[in-house]
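Reader: I have a structure to look at and would like to know what the words used for it rest on. Could we go through them one by one?

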Amino acid sequence: MIDKIAEYFENIENFPVMSQASPGDIFNNLPNTAPSSGVDFEEIIKDFDNIIMPGITHWQSPNFHAYFPANNSYPSILGELLTSALGLQCMIWQTSPSAAELEEKVMIWLAGMIGLPKEFVGTIQDTASTATLCSLLTAREFYSHGEVNSDGLFNKKVYRIYCSTEAHSSIEKAVKIMGIGKKNLIKIPVDSNFSMIPSALEDAIVNDLRKGYKPLAVVAALGTTGTTSVDPIKEIGQICSKRKIWFHIDAAFAGTALILPEMKHYLEGIEYADTFVFNPHKWMMTNFDCSAYFVKDKETLVKTFEIMPEYLKTQVDNHVNNYRDWGIQLGRRFRALKLWFVLRSYGVEGLQSIIRNHITIAKNLENLIKSEKDFEILAPVLFNTICFRYNPYFEENDEKINKINELLLDRLNKSGKIYLSHTKLNGKYTLRFVVAQTNVTEKHVLNNWNFIKEIAKEILSELNSI
Ligand SMILES: *Cc1c(COP(=O)(O)O)cnc(C)c1O
């Protein structure tokens with residue numbers, strides 16, 4: 001199996017990046033009942049190669065530039081292998097002290113690497129979505145003095161939560177799950193850089209207070225999903241601090257960049273934050289899932305989630321972290337191990353040089369795109385996500401241009417050579433090119449850029465010949 005994994009990485013560029021499967025292809029190739037007796041392992045692997053592989057989208061391909069990556073690396077894979085061999089369930093300290101204490105330690109390492117103030121303590125969550133839900137639930141319990149946990153949301157002032165129009169969908173999901181209702185999630189407008197406008201936030205809060213609502217929390221993005229824009233952390237933090245509102249920072253993707261000294265300025269105002277999340281499983285070479293969630297006030301977090309059934313009590317409860325009380329799940333995977341393997345194998349400098357290289361390659365690509373008169377950059381490139389479109393007719397916001405770019409994306413992805421995704425910015429169909437895959441090089445990106453131009457020209461000549 002180890003050889004097979006190594007071989008996969010050697011041959012990864014021979015597979016179409018985005019799976020070329022049609023709906024039902026895999027399902028219809030599998031029997032409708034489980035086998036009544038065991039099947040040889042070789043048979044299983046053969047079916048894996050023949051049935052499953054064609055339906056795999058190759059996230060670890062260096063030609064994967066869609067969404068945000070879900071990077072892995074050899075140290076991470078080996079850590080994950082050991083994790084599954086040990087097969088732990090790390091709900092409390094006693095169920096594996098090493099899991100609890102390694103988690104505590106690697107979270108201290110990460111906090112130091114990205115430069116969080118020293119009051120912040122961390123825990124590993126499955127995803128940023130869960131971390132954001134935990135943060136908002138903690139805000140709810142903090143400001144209701146635990147009353148929602150005990151009595152429910154009845155007879156309370158209506159809570160309001162704020163984020164920008166560019167914020168991730170996980171915030172709306174959290175607001176729905178926690179019983180606040182999505183119409184009480186207020187989307188604050190953004191400026192021309194897609195960053196939240198602080199004065200608009202303040203106006204919305206004042207307006208809500210006047211109407212008798214209870215402003216509960218603000219979620220700022222440090223790297224939005226569409227364009228990796230950054231909300232003004234300090235200004236938002238000051239508003240939250242003045243009005244006694246919970247402040248959560250969602251840095252799911254771009255948080256990893258904060259290990260670079262030249263990116264630390266984005267953290268200005270972090271002292272106002274209550275909670276902060278970023279995903280090593282996106283850009284820190286640590287395979288999915290591994291989300292680093294940091295809180296300033298551990299007690300409030302634990303008060304929100306703690307349970308103490310008799311059968312889970314131990315004699316050391318006052319001296320250790322029982323991570324079942326730090327989030328939603330009781331049972332927890334041993335995720336710290338792969339992260340420890342990654343951090344030690346690369347070292348901080350090794351990780352910094354990979355991240356810096358990605359950002360440099362992206363900057364070079366941005367310049368190449370800018371130098372082509374038929375292409376436009378549609379958002380500032382702060383990190384390594386490039387938002388652009390093909391605009392051979394030099395028109396603004398034209399439906400025709402949107403259609404061309406939709407066609408371009410479809411043709412690029414169906415080629416199997418490259419995988420990009422899209423967003424919409426001010427009504428413009430926008431292609432997103434993310435340079436963040438573990439093994440991506442300048443050469444891959446240059447080849448891919450040339451391929452994009454070639455397909456774009458092909459589409460234009462087809463349109464002109466109609
Ligand atoms: C990717 C992303 C998320 C969601 O991450 P999950 O770990 O998949 O839940 C949340 N916020 C932002 C800004 C993201 O980019």
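**The ligand and its surroundings**

Author: Start with S129, where an N or O atom of the side chain is 2.5 Å from an oxygen atom of the ligand. Note that the model is predicted.

Reader: What makes the pair of S129 and the ligand a polar contact?

Author: A polar contact needs a pair of N or O atoms within 3.5 Å. The distance at S129 is 2.5 Å, to an oxygen atom of the ligand, so the pair counts as a polar contact.

Reader: Which distance does N279 have to the ligand, and which does H281 have?

Author: For N279, a polar side-chain atom lies 2.9 Å from an oxygen atom of the ligand. For H281, the distance from a polar side-chain atom to a ligand oxygen is 3.3 Å. The limit is 3.5 Å, so the pair at H281 is also a polar contact.

Reader: How much of the ligand's accessible area does the protein cover?

Author: On its own the ligand has 390 Å² of accessible area, and the protein covers 88% of that.

Reader: Which elements give two or more residues to the shell around the ligand?

Author: They are α5 (128-143) and α10 (280-283). The shell holds 13 residues, and those that come nearest are A128, S129, D250, N279 and K282. By class, three residues of the shell are nonpolar, eight are polar and two are charged.

Reader: What makes D250 count as a residue near the ligand?

Author: A residue is near a molecule if one of its heavy atoms lies within 4 Å of it. D250 is listed among the residues around the ligand that come nearest, so at least one heavy atom of D250 meets that limit.

**Pockets**

Reader: Where does the ligand sit?

Author: The ligand sits in the second largest pocket. To say that a molecule sits in a pocket, more than half of its atoms must lie within 2 Å of the pocket's grid points. The ligand is said to sit there, therefore more than half of its atoms pass that test.

Reader: What is the volume of the second largest pocket, and how many residues line it?

Author: The volume is about 310 Å³. The lining of this pocket has 26 residues, with A128, H168, A252, N279 and K282 nearest its centre. Two or more residues each come from α5, α7 (169-177), β4 (214-221) and α10. The most come from β4, which gives three residues. The lining of the second largest pocket divides into 14 nonpolar, nine polar and three charged residues.

Reader: What is the volume of the largest pocket?

Author: The largest pocket has about 770 Å³. It is lined by 23 residues, and I5, Y8, F9, F48 and M53 are the closest to its centre. Elements that give two or more residues to this lining are α1 (2-11), α2 (41-52) and α3 (74-86). The largest share, six residues, belongs to α1. By class, 13 residues of the lining are nonpolar, six are polar and four are charged.

**Cavities**

Reader: How many cavities of 30 Å³ or more are there, and why is one called a cavity and not a pocket?

Author: The whole structure has two of them. A space is called a cavity because a 1.4 Å probe fits there but cannot get out, whereas a pocket is open. The largest cavity has about 50 Å³ of space, and the second largest has about 40 Å³. Residues lining the largest cavity include W326, Y323 and R332. Among those lining the second largest cavity are W93, Y323 and R332.

**Two backbone details**

Reader: What makes the bond from F288 to D289 stand out?

Author: The peptide bond from F288 to D289 is cis, with omega near 5 degrees. Most peptide bonds are trans. D289 lies in the loop between α10 and β7 (291-295).

Reader: What phi does Y67 have?

Author: Y67 has a positive phi of about 40 degrees and is not a glycine. Most residues other than glycine have a negative phi. Y67 is placed in the loop between α2 and α3.

Notes
Residues are numbered from 1 along each chain as its sequence is written. This is a predicted model: local features need pLDDT of at least 70, side-chain atom pairs count only at pLDDT 80 or more; totals for chains, interfaces and linings use all residues. Side-chain values use heavy atoms; hydrogens and water are left out. A polar contact is a pair of N or O atoms within 3.5 Å; within protein, one must be able to donate a hydrogen and the other to accept it, and residues adjacent in sequence count only if both atoms are side-chain atoms. Accessible areas come from the Shrake-Rupley method with a 1.4 Å probe; for residues, only the protein chains shown count as cover. On a 1 Å grid over the protein atoms alone, a cavity is a set of points where a 1.4 Å probe fits but cannot get out, and a pocket is an open set with protein on both sides within 12 Å along at least five of seven lines; lining residues have an atom within 4 Å of a point. Helices (H or I, at least four residues) and strands (E, at least two) are DSSP runs, numbered from the N terminus. Ala, Val, Leu, Ile, Met, Phe, Trp, Tyr, Cys and Pro count as nonpolar, Asp, Glu, Lys and Arg as charged, and the others, Gly among them, as polar. Grid points are joined across faces, edges and corners, and a volume is the space filled by probe spheres set on the points.
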